[in-house]
Number of protein chains: 2
Amino acid sequence: MRLQDCNPAMPAFKVTLAYDGTDYVGWQRQAKGVSIQGLLEDALKDLDGGDVAVAGAGRTDAGVHALGQVATFSIERDLDGATLVRALNVRLPPAVRLLAAEHAAEGFHARFSAKSKTYRYRIWNHDVLSPFERRYAWYVPMPLDVSRMARAARVLEGRHDFASFQGTGATAATTDRVVFSSSVRMDGGAVVYEIAGDGFLRHMVRAIVGSLVDIGRGHQPAEWMAEVLASRNRTRAGQTAPAAGLFLVGVEYDSLAANR
Amino acid sequence: MRLQDCNPAMPAFKVTLAYDGTDYVGWQRQAKGVSIQGLLEDALKDLDGGDVAVAGAGRTDAGVHALGQVATFSIERDLDGATLVRALNVRLPPAVRLLAAEHAAEGFHARFSAKSKTYRYRIWNHDVLSPFERRYAWYVPMPLDVSRMARAARVLEGRHDFASFQGTGATAATTDRVVFSSSVRMDGGAVVYEIAGDGFLRHMVRAIVGSLVDIGRGHQPAEWMAEVLASRNRTRAGQTAPAAGLFLVGVEYDSLAANR
């Protein structure tokens, strides 16, 4: 246990960050490879002098990106938000950027205080993979029926047991989750799937996208999504879509909880 | 002189390609480093057996990107366009993609037949440089007056001597060019400059953008652009903006000239 865990006088911060996950092992610090959490903890150690533990709202996998990841930590020094943003950005590679920082209310935690998270998945559905999409989309050159995918996506809204979409080996205490919205649209030449929910199982979004693409390609009817969901059986769903297409868009909190 | 230059029976092709120029020395083959032209010529040699000379419409510099570069060449084998696209794309790195290929009319040349080229320059005008923009925009965190920049940009439309915006050391026979459109707009959080013209001097777009940013920052009034243009003196214009923000968007031809 670190000092910060038992000393409420240490200033706590909530930071929002964006990263291009292509060259990293994911959010979480690993035995091998460079993680976003590790980069941030190293930057904080350099800034603050001691070891700092950073908690992230979503544990994005290797190759997954973030437009608005949220993290919390406590440090010895008190700084205003804008100064902390600049001080950390000069210590981070350009692929990882703090967008904002603010003081956090007592007890606020990036992950446990989160009410909703939003993920976006981009599919490049053209004959040729654009050089500008190769790090940020799944390349699916086969024709996709986007309106059929959109119909299937809506089936997932509400409270459900999402065991069918949990990566093998994951051990969540419960596989019940509430999905607030689940939709498919076209955006600038990409097929975009967006999902907001109160929590996500390991590889859940990517397993949903793999299933949606099976439906879009005509291998399965739109109604199949409800069957897969009801089966609570991972082997019934589609493949886990590649990491490159996935973005953690943002994390929502009760407005009172975030600021002290 | 190669056989293709004097044998009209060899099939000639017009290809359109996109590339992420970040990791390359530019379009043109150089003594050192990897060029887009070199990659394409190597792919064609692998496909066709002999040396193939490729002519590009615009000689993009190191780090400059293309959404629609056009190139012409003649090869021994006759292939349909879709087959040529696939055959070359499997021989090119993912950062370089053929988008289309078609047979070219006799005498058609990517550069000399071009009637108009369009370039786009992206400026990221926010406090923090997004990780997703670092390869594709110039990071200008200082406030920019975009409407003042737009007013200055329009001054360049028409036939003018653009000597003020020609990179030092360049030796074009004439520095007169016709600019069909020159405009500034906001697009998805970026300040975007777009220019279409019958030809461009070396570093011309980037020197114009450097001057526009001087105006946007308030270092110069919008009227200064006309003074710089009239001076025909490179030292009067702004700095050459970084390569990363520049895209060759497309090349236009008379519709009859392109196809046989």
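These legends walk through close-up views of a predicted model.

**View 1. The two domains of chain A.** Let's start with how chain A is laid out. Chain A is split into domain 1, covering 3-113, and domain 2, covering 116-249. Taken over C-alpha atoms, the centres of domain 1 of chain A and domain 2 of chain A lie 28 Å apart. To the contact, domain 1 of chain A brings 15 residues and domain 2 of chain A brings 13 residues.

**View 2. Where domain 1 of chain A meets domain 2 of chain A.** Together, domain 1 of chain A and domain 2 of chain A bury about 1100 Å², with 53% of it on carbon and sulfur atoms. On the side of domain 1 of chain A, the residues that lose the most area to domain 2 of chain A are A:Asp61, A:His65 and A:Leu67, which together account for 43% of what that side buries. Polar groups are worth a look here too: 12 residue pairs are in polar contact across the interface of domain 1 of chain A and domain 2 of chain A, both residues at pLDDT 80 or more. The count of salt bridges between domain 1 of chain A and domain 2 of chain A is two.

**View 3. A salt bridge at A:Asp61.** The partner of A:Asp61 in this salt bridge is A:Arg206, and their closest N and O atoms are 3.4 Å apart. A:Asp61 also appears in the previous view, as one of the residues of domain 1 of chain A that lose the most area to domain 2 of chain A.

**View 4. Helix α5 of chain A.** Helix α5 of chain A runs over residues 204-216. At 1.5 Å a residue, its 13 residues should span 18 Å, and the end C-alpha atoms are indeed 18 Å apart, so the two values agree. Of the 13 residues of α5(A), 13 are buried, which means that α5(A) is largely enclosed by the rest of the structure. After α5(A) comes A:Gly218, with a positive phi near 90°.

**View 5. Chain B against chain A.** Here we move to the contact between the chains, which takes 22 residues from chain B and 22 residues from chain A. Chain B and chain A bury about 1500 Å² between them, and 74% of it is on carbon and sulfur atoms. In chain B, the residues losing the most area to chain A are B:Val128, B:Phe132 and B:Arg134, together 40% of what that side buries.

**View 6. Salt bridges and strands between the chains.** Chain B and chain A share two salt bridges. A:Arg134 forms a salt bridge with B:Asp20, their closest N and O atoms being 3.4 Å apart. Two residue pairs, both at pLDDT 80 or more, are in polar contact between chain B and chain A. On the side of chain B that touches chain A, at least two residues each come from β1 (12-19), β3 (65-74), α3 (81-89) and β4 (96-103) of chain B. β4(B) gives the most to that side, with four residues.

**View 7. Two loop residues with positive phi.** A:Arg232 sits in the loop between α6 (224-231) and β10 (246-252) of chain A. Its phi is near 50°, a positive value in a residue other than glycine. A:Arg232 is exposed, with a relative accessible area of 56%. In chain B, the residue to find is B:His203, in the loop between β9 (190-197) and α5 (204-216) of chain B. B:His203 is not a glycine, yet its phi is positive, about 65°. With a relative accessible area of 22%, B:His203 is partly exposed.

Methods:
Residues numbered from 1 in each chain as written. Chains lettered and ligands numbered in written order. Predicted model: local features only at pLDDT ≥ 70, side-chain atom pairs only at ≥ 80, totals over all residues. Heavy atoms only, no water. Expected span 1.5 Å × (residues − 1). Buried < 20%, exposed > 50% of the residue type's maximum accessible area, 1.4 Å probe, protein only. Domains from an automatic or database assignment. Contact = heavy atoms within 4.5 Å. Buried area = accessible area lost by both parts, 1.4 Å probe. Salt bridge = Lys/Arg side-chain N within 4 Å of Asp/Glu carboxyl O. Polar contact = N/O pair within 3.5 Å; in protein donor to acceptor, adjacent residues only side chain to side chain.
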